[in-house]
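Hi everyone, thanks for making time today. I'd like to walk you through one structure, starting with the empty space inside and then turning to some strands. Let me put it up on the screen.

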Amino acid sequence: MLSCGVAILAWFYGIYEMFATNRMIISSYNLGKKALDFKEPFVCHERSVSVNEMVETENGKFKFIQRNKCLFREKLKLFHLRWHAPFPLKGTLAFQDGMVHVEGRLPLGPTIFMAAWAIGWTSGGIGFGIQEHDFRFASLFILIGWLFLLIMYYMSVPLEKKHFLVVYEEIKQNIRCS
């Protein structure tokens with residue numbers, strides 16, 4: 001029962017997180033498991049994009065929240081035929097000493113929702129096994145649920161990393177240095 005409550009709260013938080021990410025609220029970009037984290041050279045002293053200016057690219061949006069810090073995400077496209085996953089990465093760029101530090105984080109709401117779902121699925125399987133004295137079926141039930149979850153995660157995250165890197169490349173092309 002607790003996992004059901006956690007799942008419902010995570011679902012509502014996921015809706016808030018989606019809106020906060022869309023509005024480029026920094027707190028939503030600081031939470032979540034890091035899926036990508038790398039640094040690469042990028043020398044640019046003066047940028048063509050000013051602080052707090054929202055810029056759209058073909059596949060994403062970005063906004064400098066400080067002179068050396070940028071938030072970005074994939075653009076939400078309605079009625080667009082494309083494979084989407086429940087884990088769209090949120091990105092931050094930090095420019096310092098001729099380098100750019102790129103971070104991509106999984107959204108916290110869907111991650112917690114999936115964890116609560118897995119716990120609830122497992123609890124349901126164990127409860128069924130105890131009540132019906134059929135631990136083979138219960139084990140199979142639990143295994144199928146976990147396989148579903150793992151397949152969804154391991155198919156979704158690489159897909160979202162690819163989308164993330166496309167948007168990152170578009171940002172690099174749109175930041176003109178003076």
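The largest cavity holds about 40 Å³ of space. Please keep in mind that this is a predicted model. In total, the structure has 2 cavities of 30 Å³ or more.

So who lines the largest cavity? The residues are Arg 73, Glu 74, Pro 88, Leu 89, Glu 160, His 163, Phe 164 and Val 167. Two elements, β4 and α4 (135-174), each give two or more residues to that lining. Which of the elements gives the most? That is α4, with 4 residues. In terms of chemistry, the lining of this cavity splits into 4 nonpolar, 1 polar and 3 charged residues.

Now for the open space. The largest pocket has a volume of about 620 Å³. Its lining is made up of 26 residues, and those nearest the centre of the pocket are Met 18, Leu 76, Ala 85, Pro 86 and Pro 88. You may recognise Pro 88, as it was also on the list for the largest cavity. If you want to colour the pocket by element, α1 (2-22), β4 and α3 (108-132) each supply at least two lining residues. The largest share comes from α1, which puts in 8 residues. By residue class, the pocket lining has 14 nonpolar, 5 polar and 7 charged residues.

We have already met β4, which contributes to the lining of the largest cavity and to that of the largest pocket. Let me use this strand to move on to its neighbour in the pairing. Strand β4 covers residues 69-74, and its pairing with β5 is antiparallel, over 5 bridges. One contact to look for here is Phe 72, whose bridge partner in β5 is Gly 91.

Is β5 itself mostly covered or mostly open? Mostly covered: this strand spans residues 90-96, and 5 of its 7 residues are buried.

Strand β5 also pairs with β6, residues 99-105; these two run antiparallel and are joined by 7 bridges. Within that pairing, Leu 93 sits opposite Val 102 in β6. The hairpin formed by β5 and β6 has 2 residues between the strands. If you like checking backbone angles, have a look at Asp 97 in this hairpin, where phi is positive, near 55°.

That's my tour. Thanks for listening, and I'm happy to go back to any of these views.

How values were computed
Residues numbered from 1 in each chain as written. Predicted model: local features only at pLDDT ≥ 70, side-chain atom pairs only at ≥ 80, totals over all residues. Heavy atoms only, no water. Buried < 20%, exposed > 50% of the residue type's maximum accessible area, 1.4 Å probe, protein only. Pairing = 2+ DSSP bridges. 1 Å grid on protein atoms, 1.4 Å probe; cavity = no way out; pocket = protein on both sides within 12 Å on 5 of 7 lines; lining within 4 Å. Points joined across faces, edges and corners; volume = space filled by probe spheres on them. Nonpolar A, V, L, I, M, F, W, Y, C, P; charged D, E, K, R; others polar.
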